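Subject: The structure we talked about

Hi,

Here is the structure I promised to pass on. Have a look at it first, then read my notes below.

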Amino acid sequence: MDTGELAVFAAVAQAGSITRAAQRLNTVQSNVTQRVRLLEAELGVPLFHRHSRGVSLTSAGRQLLPYAERIGRLMAEAKQAAADSAVPRGQVVIGALETATAMRLPPVLAAYAAACPEVDIEIVTGTSAALLEAVRQRHVEAAFVAGPVDHAELTALPLLQEELVVVTAPWLASLDDIVAAAPLKIVVFRSGCTYRLRLEALLAARGAVGVRRLEFGTLDGIIGCVGAGIGVTLLPRAAVARAATEGRVALHALPAREARVPTVLVRRTDAFLSTALSRFIETARCHLATPQPAPAPARMPRG
């Protein structure tokens, strides 16, 4: 058994077809078939069920696949480590919350681009849940998410504390108006957003019932709908400070225990840390890991 045979086996398992695997590997179908048969002969068990729609894994194949994928990742990381140098270069793929992308990343990206001009940066946005899964699945190398994060496969670097505020239309002067509204509509990011979960929890704790949801994929869309009186939301104060200053929305402070949320940078504990990613993490730490002012004390009515 060699790494080449395992790579071909993994490609067939992921593609579900000998033909599609050959296309992905840029080789002929007969070569893929031969490598799979050699591996099956060496192991003494069939790895695939052959059928008209392609192939599917046998029980033995399902047991072998995680090892083949792990070896493939280790080989790729070994090549990456050997090619890595003291000068950051190549590409880094970073995940980030929509709010972090809008208000926290620009100075980090500007400083990093100036210090590491040979690195291309790709930013992928999503909810905290989606980004954590993307890091776990190695689709992104690191991600800015709302914490806390406690996962055996991930390392989380705390960067800053955000203050969450309830955001409403400008004419809603008190939090009593929010809780008493019927039917109450919240304007939020899609499922998996930490801010959405916190808003639903704090409203439920205060007796708000019949809450309806309107989902948006962008921060601007949420702020615009809230300002128009369509619903309310919960966001970091820094993300809506400009809209509040311009009179487009009103901000309502929360008690400290409900307002504080950490922003953390997560990456896989077992993944190779390239010079490019290491420099990015240090740049983010330098620009974001600073003491944050405590949120203003407030009392929210309980119904």
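Let's start with R248, which is partly exposed because its relative accessible area is 41%. Keep in mind as you read that this is a predicted model.

What does R248 form a salt bridge with? The partner is E246, and the closest N and O atoms of the two are 2.8 Å apart. E246 is partly exposed as well, at 44% relative accessibility. Elsewhere, salt bridges that share partners link E133, R136, R138, E153, R268 and D270 into one network.

If you wonder what is behind such pairs, side chains of opposite charge can pair when their charged atoms come close. The count for this model is 17 salt bridges. Two more of them are worth finding on your screen.

One joins the side chains of E162 and R104, at 2.8 Å from N to O. E162 sits in strand β6 (residues 154-168), while R104 is in the loop between α5 (98-103) and α6 (105-115), so this pair ties together parts that are 58 residues apart in sequence. Are these two buried or exposed? E162 is buried, at 4% relative accessibility, and R104 is buried too, with a relative accessible area of 18%. The cut-off for buried is under 20%, so R104 still falls inside it.

The other is between E200 and R213, whose side chains meet at 2.5 Å, N to O. Here E200 belongs to helix α9 (residues 194-205) and R213 to strand β8 (residues 212-216), so the parts tied together are 13 residues apart in sequence. R213 is partly exposed, with a relative accessible area of 48%.

Now for the cysteines. A disulfide is a covalent bond between the sulfur atoms of two cysteines. How many disulfides does this model have? The count is zero. Take C116: the nearest cysteine sulfur to it is that of C286, 12 Å away, and C116 is in no disulfide. Why does C286 not bond with C116? Their sulfurs are 12 Å apart, which is too far for a bond, because a disulfide needs the two sulfur atoms within 2.5 Å. The two cysteines also sit in contrasting surroundings: C116 is buried, with a relative accessible area of 4%, whereas C286 is exposed at 58%.

Next, try strand β5, which runs over residues 142-146. Five of its five residues are buried, which leaves the strand mostly covered. Which residues lie on each side? A142, F144 and A146 are on one face, A143 and V145 are on the other, and all of them are buried. β5 also has strands beside it. With strand β3 (residues 90-96) it pairs in the parallel sense over three bridges, and there I94 stands opposite A142. With strand β11 (residues 260-268) β5 pairs in the antiparallel sense over five bridges, and in that pairing A146 faces T263.

Last, go out to the surface. M1, L43 and V45 make a nonpolar patch of about 240 Å² there. L43 is in helix α3 (residues 29-43), and its relative accessible area of 34% makes it partly exposed. Patch residues need over 30% relative accessible area, so L43 clears that bar.

That's the tour. Write back if you get lost anywhere.

Cheers

Methods
Residues numbered from 1 in each chain as written. Predicted model: local features only at pLDDT ≥ 70, side-chain atom pairs only at ≥ 80, totals over all residues. Heavy atoms only, no water. Patch = residues over 30% accessible without salt bridge, like charges linked within 9 Å, V, L, I, M, F, W, Y side chains within 5 Å. Areas by Shrake-Rupley, 256 points an atom, 1.4 Å probe, with all protein chains shown as cover. Salt bridge = Lys/Arg side-chain N within 4 Å of Asp/Glu carboxyl O. Helix = DSSP H or I, 4+ residues; strand = E, 2+ residues; numbered from the N terminus. Buried < 20%, exposed > 50% of the residue type's maximum accessible area, 1.4 Å probe, protein only. Pairing = 2+ DSSP bridges.
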